[in-house]
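Visitor: I have a sequence and a 3D model open. Could you walk me through them?

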Amino acid sequence: MANNKTFTMIKPDAVEAGNIGSITKMIQEAGFVIKAMKLTKLSKERAGQFYAIHKERPFYTDLCNYMSSGPIVPMILEKENAVEDFRTLIGATNPKEAAEGTIRNLFAKSIEANAIHGSDSDENAIIEGNFFFSEVEKF
Ligand code: CMP
């Protein structure tokens, strides 16, 4: 995935609020092509593995509980300059700081329940995409 793919997941708050369609529409209208997508649910243990990089942070346990609290929609997306452009589309981690019109500005409830995840590097996009999808599920 040489700088044209990223990984995202629509988080439990946004799935619960019925925003899968609205968010997917924004992603596609911004020029991203969906290469893999599914509705699934993480166990607390799998959420902990996904966010292992944050395990020393004070919010880690709450984050794992939240991320395993309901269905999520992971996706692999393709576009030129995917990682950076996608992070612009979703806005800042804290929705209070997210620019107007970004996905988190429109749909996030809090810094934890912030509607959507976006990989922070090409390297993590590969790792995170492979966490959810096997080779035959990527188109
Ligand atoms: P995400 O981009 O998925 O990466 C790590 C997640 O941890 C982040 O979105 C938030 O959901 C959560 N997070 C980051 N900072 C905090 C914080 N200060 N308090 C609670 N949750 C946080």
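Guide: Gladly. Start with one facing pair: Ala36 stands opposite Ile76 in E3. Keep in mind that this is a predicted model.

Visitor: Ala36 has a partner in E3. Which strand pairs with E3 over four bridges, and in which sense, parallel or antiparallel?

Guide: Look at residues 33–37, which form strand E2. Four bridges join this strand to E3. The sense of the E2 and E3 pair is antiparallel.

Visitor: How many bridges link E1 and E3?

Guide: E1 covers residues 5–10, and E3 covers residues 73–78. They pair in the antiparallel sense. Ile10 stands opposite Val73, and Thr8 has Met75 as its bridge partner in E3. The count for the E1 and E3 pair is six bridges.

Visitor: What is the bridge partner of Thr8 in E4?

Guide: E4 spans residues 116–118. Three bridges join E4 to E1, and the two run antiparallel. In E4, the partner of Thr8 is Gly118.

Visitor: Which residues of E1 are buried on each side?

Guide: Buried means under 20% relative accessible area. Six of the six residues of E1 are buried, and both faces are covered. One side holds Lys5, Phe7 and Met9; the other holds Thr6, Thr8 and Ile10.

Visitor: And E3: how many of its residues are buried?

Guide: E3 is largely enclosed by the rest of the structure. That follows from its count of buried residues, which is five of six.

Visitor: Now the helices. Over what arc do the buried residues of H2 lie?

Guide: H2 runs over residues 20–29, and its buried residues include Ile23, Thr24, Met26 and Ile27. They sit on the same side of H2, because around the axis they cover an arc of only 160 degrees.

Visitor: Which residues are exposed on the other side of H2?

Guide: Exposed means over 50% relative accessible area. On the side of H2 away from the buried group, the exposed residues are Lys25 and Glu29.

Visitor: What phi does Gly31 take?

Guide: Gly31 comes just after H2. Its phi is positive, at about 100 degrees.

Visitor: Is Asn81 buried, partly exposed or exposed, and at what relative accessible area?

Guide: Asn81 is found in the loop between E3 and helix H5. Most residues other than glycine have a negative phi. Asn81 has a positive one, near 55 degrees. Its surface class is partly exposed, with a relative accessible area of 32%.

Visitor: What about Ala115: buried or exposed?

Guide: Ala115 lies in the loop between helix H6 and E4. Its phi is also positive, near 75 degrees. Its relative accessible area is 0%, so Ala115 is buried.

Visitor: How far apart are the C-alpha atoms of Gly101 and Gly91?

Guide: Gly101 is in the loop between H5 and H6. It is partly exposed, with a relative accessible area of 40%. Gly91 is ten residues away along the chain. The separation of the two C-alpha atoms is 8.6 Å.

Visitor: Next, the pocket. Which residues are closest to the centre of the largest pocket?

Guide: The largest pocket has a volume of about 670 Å³. It is lined by 24 residues. The closest to its centre are Tyr51, His54, Leu63, Thr93 and His117.

Visitor: Which element gives the largest share of that pocket's lining?

Guide: The elements that give two or more residues are H3, E4 and H7. By class, the lining has nine nonpolar, eight polar and seven charged residues. The largest share is four residues, and they come from H7.

Visitor: Let us zoom out. In what order do the elements run?

Guide: The protein has seven helices and four strands. Read from the N terminus on, the order is β-α-α-β-α-α-β-α-α-β-α.

Visitor: What radius of gyration does the protein have?

Guide: The C-alpha atoms fill a box of roughly 35 × 35 × 25 Å along the principal axes. Buried residues make up 46% of the 139 residues. With 139 residues, a compact globule would have a radius of gyration near 14 Å. The protein agrees with that, at 14 Å.

Notes: Residues numbered from 1 in each chain as written. Predicted model: local features only at pLDDT ≥ 70, side-chain atom pairs only at ≥ 80, totals over all residues. Heavy atoms only, no water. Buried < 20%, exposed > 50% of the residue type's maximum accessible area, 1.4 Å probe, protein only. Arc of directions from axis to C-beta. Pairing = 2+ DSSP bridges. 1 Å grid on protein atoms, 1.4 Å probe; cavity = no way out; pocket = protein on both sides within 12 Å on 5 of 7 lines; lining within 4 Å. Points joined across faces, edges and corners; volume = space filled by probe spheres on them. Nonpolar A, V, L, I, M, F, W, Y, C, P; charged D, E, K, R; others polar. Rg over C-alpha atoms; globule rule 2.2 N^0.38 Å.
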